[in-house]
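Got the viewer open? Here's a short tour, stop by stop, with something to select at each one.

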Amino acid sequence: MTTRTGLHCMVYRFLLLLFLGMANASAQTCVVDAINRNVCLTEPAQRVVSLSPGATELLFSAGAGEQVVAVSAWSDYPAEAEQLPQVGDSNRLDLEAIVALAPDLVVAWVDGNSRSQMDRLSDLGIPVFWLVPREFEDIALAVENLALLTGSPDVGRQRAEAFRNEIASLQARSANARPVSVFYQIWEQPLMTVNQDELISKAITLCGGTNVFGELPRLVPRISREAVLEANPEAIVTAGSSEDRQWLKAWEQFPGLAAVAAGNLFLEPPSLLARPTLRMADGARHLCQTLEQARANL
């Protein structure tokens, strides 16, 4: 038979456990990822695996570089990332190697990583945080959220705010600029571009340009040379090294093309616009200068 004193002790223990559970829950850091999953950690992640070059760069921007223990192939920025072990690429990940690293956070990319593989990691109790920046604000939020999950909230907040300010400044500067129709070429064979949902296209818009293929349904559509000639853009832009200038020279055989007639064939610095990271501010700034030159040539 339970005595009154024993009953009081049981109630006390229950309330204590309830309080500790609530305190532990309240101590969690929770953020919502790109697929609307709530990712919660009781402590800042100390062993992070990045599964895309963009995620790697965003983690370093968030102040978590020292906590990254492995990365995906092609993680070449910042330079420190090139020294880290690699666990595969978007086509083939080494799940055994990832598990053996005992990560307390894996950062995945919606457009590149396999959902089923990431679900296997989640089933093993490894938190997976998904990214897919589609807006400039998504980049800033990604840095802030990764900084929260890895214990550097102030660093993330400061760098995200600086990025927001730079984007806002570029937008204000181009607000009343004359529109320039732009074809952005990302590949030659097959000929490929981006639609309005891709961040490169949003950088074009930010700079007062108009993507002539913005309305196409696919994020990275294939197009024909005839479609470009019909669209008759006032500027043709691609990104790459000096060897890639041949892509631009190929259009010179069409002197009636508005971009060719105006001398508006431009090569942008590689990487700055290719990845949705904080460096897109630098890429957008350079692109805005390019479109200013294009206007002057028209």
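**Stop 1: a disulfide across the chain**

Select cysteine 207 and cysteine 288: a disulfide joins the two, S to S 2.0 Å. Bear in mind that you're looking at a predicted model. Turn the view to look along the S-S bond, and you'll find -80° about it, which makes the link of cysteine 207 and cysteine 288 left-handed. Cysteine 207 sits in the loop between helix H7 (199–206) and strand E8 (209–211), while cysteine 288 belongs to helix H11 (residues 280–297), so the pair links distant parts of the chain, 81 residues apart.

Are these two cysteines buried or exposed? Switch on a surface to check: cysteine 207 is buried, with a relative accessible area of 0%, and cysteine 288 also counts as buried, at 4% relative accessibility.

**Stop 2: the other disulfide**

How many disulfides does a search of the whole structure find? It finds 2, so go on to cysteine 30 and cysteine 40, whose sulfur atoms are 2.0 Å apart in a disulfide. Here the link is right-handed, with 115° about the S-S bond. Colour by secondary structure and you'll see cysteine 30 in strand E1 (residues 29–32) and cysteine 40 in strand E2 (residues 38–41), so this pair ties together parts that are 10 residues apart in sequence.

Keep the surface on for a moment. Cysteine 30 is partly exposed, with a relative accessible area of 37%, and cysteine 40 is partly exposed too, at 28%. If you number the bonded cysteines of the protein chain in sequence order, the pairing reads 1-2, 3-4.

**Stop 3: the open sheet**

Now show strands E7, E8, E9 and E10 as cartoon. They make an open sheet of 4 strands in the order E8-E7-E9-E10, with parallel pairing. Which strands stand at the edges? Those are E8 and E10, each with a single partner strand, so one side of each is left without a neighbour in the sheet. Tip the view to see the twist: neighbouring strands are turned by 35° against each other on average, direction ignored.

Next, add the helices that pack on this sheet. H7 touches strand E7 (180–185) and E8, and its direction makes about 150° with that of E8. H11 touches E7, E8, E9 and E10, with a direction at about 165° to that of E10. H11 is also the helix that holds cysteine 288 from the opening stop.

**Stop 4: the E9–E10 edge**

Zoom in on strand E9 (residues 235–239) and E10, which run parallel and are joined by 4 bridges. Pick isoleucine 236 and you'll find it opposite leucine 265 in E10. Then pick threonine 238, whose bridge partner in E10 is leucine 267.

Show the side chains of E10 (residues 265–268) next. In a regular strand, side chains alternate between the two faces of the sheet. What covers the picture here is burial on both faces: Leu265 and Leu267 on one side, and Phe266 and Glu268 on the other, are all buried.

**Stop 5: alanine 235**

Stay in strand E9 and select alanine 235. At 0% relative accessibility, alanine 235 counts as buried. Select its contacts, leaving out residues up to four places away in sequence, and you get Val180, Ser181, Val182, Phe183, Ala259, Asn264, Phe266 and Ala294. For a sense of scale, draw a distance from alanine 235 to leucine 95: the C-alpha atoms are 45 Å apart in space, and the residues are 140 apart in sequence.

**Stop 6: arginine 279**

Move to the loop between E10 and H11 and select arginine 279. Buried or exposed? With 14% relative accessibility, arginine 279 counts as buried. Setting aside neighbours within four places in sequence, arginine 279 is in contact with Glu57, Tyr77, Ser271 and Leu272.

**Stop 7: a helix pair**

For the last stop, select helix H5 (residues 136–150) and helix H6 (residues 153–174). They pack at an angle of about 170°, with their axes 7 Å apart, which makes H5 roughly antiparallel to H6. Show side chains to see the contact: on the H5 side, the residues include Phe136, Ile139, Leu141 and Val143, and on the H6 side they include Pro153, Gly156, Phe163 and Ile167. By class, the contact has 11 nonpolar, 1 polar and 4 charged residues.

Note on methods. Residues are numbered from 1 along each chain as its sequence is written. This is a predicted model: local features need pLDDT of at least 70, side-chain atom pairs count only at pLDDT 80 or more; totals for chains, interfaces and linings use all residues. Side-chain values use heavy atoms; hydrogens and water are left out. A disulfide is a pair of cysteine sulfur atoms within 2.5 Å. Helices (H or I, at least four residues) and strands (E, at least two) are DSSP runs, numbered from the N terminus. Buried means under 20% relative accessible area, exposed over 50%, partly exposed in between (1.4 Å probe, protein chains only). Two strands pair if DSSP finds at least two bridges between them. Axes are lines fitted to C-alpha atoms, for helices over the stretch in contact, and angles run from 0 to 180 degrees between N-to-C directions. Angles under 35 degrees count as roughly parallel, over 145 as roughly antiparallel, 65 to 115 as roughly perpendicular and the rest as oblique. Contact means heavy atoms within 4.5 Å. Ala, Val, Leu, Ile, Met, Phe, Trp, Tyr, Cys and Pro count as nonpolar, Asp, Glu, Lys and Arg as charged, and the others, Gly among them, as polar.
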